[in-house]
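This report goes through the fold of one protein, from its contacts and overall dimensions to a single sheet.

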Amino acid sequence: MTGPQQRGSLRVGALRPNQLLHTYGVGSVADLPSLSVLVLGLAHWDLTHSTPVVEDRLLATIRHRLGDQVESLRLPPHLPETSDLFADWTRVGVPVTLFPTWLRCSDTRCNRLAPADSGLFDLLSSPFQPDRARYVHGCRGNGNSRPTAVPARFVLACDNGHLDDFPWSYVAHGGAEPGAGHSLTLAERGSTGEAANIFITCECGAARPMSVALGLLAEKTLPACRGRHPHLGTYEPCDAATRTLALGATNSWFPMQLRVFSIPRAEQPVDQAVADLWSALQVLAGLDAATAKQIMPTQSCWPELKPYGVDRVWAAVQRRANAGPDDTGDDNTDLRTPEWRAFTSGRPTELPDFTTRPEPVPAPHREWLQDVVLAPRLREVTALYGFTRIDSPEWDVLHTPDRRRAPLTVGRPTWLPCAEMRGEGIFLRLAEERVTEWEHRPRVKQREQLLASAHDRWRRQRGLDPTPYPGPRYVLLHTLAHVLIRELALECGYSAAGIGERVYAWSGEHPAAGVLLYTSAPDSEGTLGGLVSLGRADRLGSLVERALEAARLCSSDPLCAEHDPTVHARLSGAACHACLFAAETSCERGNHYLDRALLVDTLTDPGSGFFAP
């Protein structure tokens with residue numbers, strides 16, 4: 001990461017590429033050892049060292065959501081393999097700026113609180129030790145050395161994605177701006193660390209505890225939202241109430257992402273590569289063979305095609321041109337149906353980014369499990385196209401209200417940051433006849449009405465537009481995925497937080513009932529095969545049986561099993577941290593729409609489970 005400085009850029013830290021989408025993306029606050037910085041908008045990024053990523057399905061969906069001006073998906077800037085340490089290392093990175101801009105002296109005898117540009121603090125840095133960049137105060141604390149100035153502990157935010165510095169002087173003086181010439185301190189009185197013991201004090205004698213800016217008292221204490229987007233340097237009208245957040249709070253930034261798996265568009269690797277890069281190769285199709293073969297090695301995409309040779313690539317270009325445009329009839333916003341077709345084709349696939357092979361179904365489970373497909377190689381591309389604050393976005397991010405989505409840049413973006421991951425997975429397809437029969441059971445219908453009522457009430461309480469309840473089919477598959485993730489984590493060598501899910505559940509003319517459990521890593525070689533090995537017929541059966549047995553009884557029963565989702569408008573039934581909840585990196589719906597009662601018999605609701613005796 002590089003931060004702005006008066007004489008140029010200063011390298012202040014390092015982040016992994018996938019962290020820039022999941023944890024510290026545009027508009028988020030990154031906590032460094034002695035600094036707190038905010039990732040700037042896309043207009044500030046230097047794309048010189050940013051590599052474009054080809055994934056047409058994902059790009060088409062994003063264009064449908066944000067407009068056709070989005071031209072590409074790109075990886076975060078990174079150093080090339082042949083870079084000069086001294087010339088490039090300090091300049092290549094993601095731009096950040098100091099936030100919050102208020103600092104506090106860490107000397108307990110001083111505790112001075114002031115803006116970073118007040119002249120009271122100096123920035124110490126070294127281009128070769130970026131993790132030691134810090135501000136210091138000139139009060140000469142212990143040992144006659146200048147103490148470190150740390151970021152102020154609180155910030156302001158609102159539901160519409162705005163973020164601002166905390167109004168320290170305004171709160172200290174009881175809702176009035178005293179003007180210039182007032183010195184503030186921020187100190188704790190007591191050992192509990194609670195807000196009531198943290199005081200903002202002015203040299204004029206005014207003082208207030210931080211507790212007046214939290215909870216119910218905040219409405220009378222805090223000013224109106226200024227509509228500030230510090231990552232863009234802009235302000236806009238906003239009528240939302242402001243809230244005090246602790247610096248580093250997990251609800252200060254929630255990513256809005258879309259993700260897809262690369263699926264085959266051809267049977268041969270060279271044809272697949274040409275299909276992926278067709279937007280760059282299409283212009284060659286109208287040329288004669290000799291001219292096209294001369295031009296081809298000069299194209300930016302040639303490094304990916306070079307292993308196949310000019311002749312084979314040209315033949316693939318001709319086949320692609322003669323085949324005409326793709327016409328699958330799929331909606332541009334439907335990312336899952338093409339993936340479902342790829343996993344259920346019944347044929348083994350051997351491509352660099354999509355390798356699958358059918359596996360025999362364990363004999364004891366053939367009554368409900370139709371197919372098992374092992375995927376030793378998968379490629380997942382995730383794009384960030386916005387974020388929210390205070391509350392997480394809708395799990396179906398395409399339906400999150402625009403007023404809540406904070407933009408990544410001023411105006412309409414022409415590109416979006418993405419992350420490219422490679423890994424492995426296990427795909428399970430449930431027998432459609434068995435699922436349909438279960439859906440029509442009276443006890444299941446009764447349970448569905450209870451969960452649908454809680455779903456409607458949950459949306460009304462948050463002022464969201466009504467949407468259909470996902471249905472018992474989805475809840476069943478989602479719950480099955482969570483119990484399997486817990487069991488897989490015990491055997492495969494990956495943590496539960498590193499195993500993700502992709503649920504395929506819908507009814508209609510072409511129904512689907514399946515789940516993909518996968519793990520991925522940013523390394524170009526992907527993962528090591530520990531997950532796929534558990535999908536073999538000799539291991540999968542016993543693993544499923546153990547997972548279902550563990551789901552029958554929760555350590556929080558009978559409270560968990562007796563939970564009524566309509567009482568507090570929850571989106572899950574018999575589900576809690578002890579039995580079903582997973583890390584947010586694993587669950588595609590934020591631990592919503594889970595219910596053990598629809599999977600197995602529970603203490604208080606026998607008979608509605610898919611695996612009920």
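## Contacts along the chain

Counting contacts between residues at least 6 apart in sequence, 67% in the protein join residues at least 24 apart. The model is a predicted one.

## Overall dimensions

The protein contains 15 helices and 27 strands. Its radius of gyration is 28 Å, close to the 25 Å that the globule rule gives for 613 residues, so the protein is as compact as a globular protein of that length. Measured out along the principal axes, the C-alpha trace spans about 80 × 75 × 45 Å.

## Burial and surface

Buried residues make up 51% of the 613 in the protein; a residue counts as buried when its relative accessible area is under 20%. The accessible surface of the protein amounts to about 28,300 Å², and carbon and sulfur atoms account for 50% of that area.

## A three-stranded sheet

One open sheet has three strands in the order E14-E13-E20, and their pairing is antiparallel. Strand E14 (163–165) and strand E20 (243–246) are at the edges; each has a single partner strand, so one side of each is left without a neighbour in the sheet. From one strand to the next, the twist averages 40°.

Strand E13 covers residues 154–157 and is joined to E14 by three bridges, with the two strands running antiparallel. Which residue of E14 is the bridge partner of Val155? The partner is Asp165.

Conventions. Residues numbered from 1 in each chain as written. Predicted model: local features only at pLDDT ≥ 70, side-chain atom pairs only at ≥ 80, totals over all residues. Heavy atoms only, no water. Pairing = 2+ DSSP bridges. Helix = DSSP H or I, 4+ residues; strand = E, 2+ residues; numbered from the N terminus. Axes fitted to C-alpha atoms, helices over the stretch in contact; angles between N-to-C directions. Rg over C-alpha atoms; globule rule 2.2 N^0.38 Å. Buried < 20%, exposed > 50% of the residue type's maximum accessible area, 1.4 Å probe, protein only. Contact = heavy atoms within 4.5 Å. Areas by Shrake-Rupley, 256 points an atom, 1.4 Å probe, with all protein chains shown as cover.
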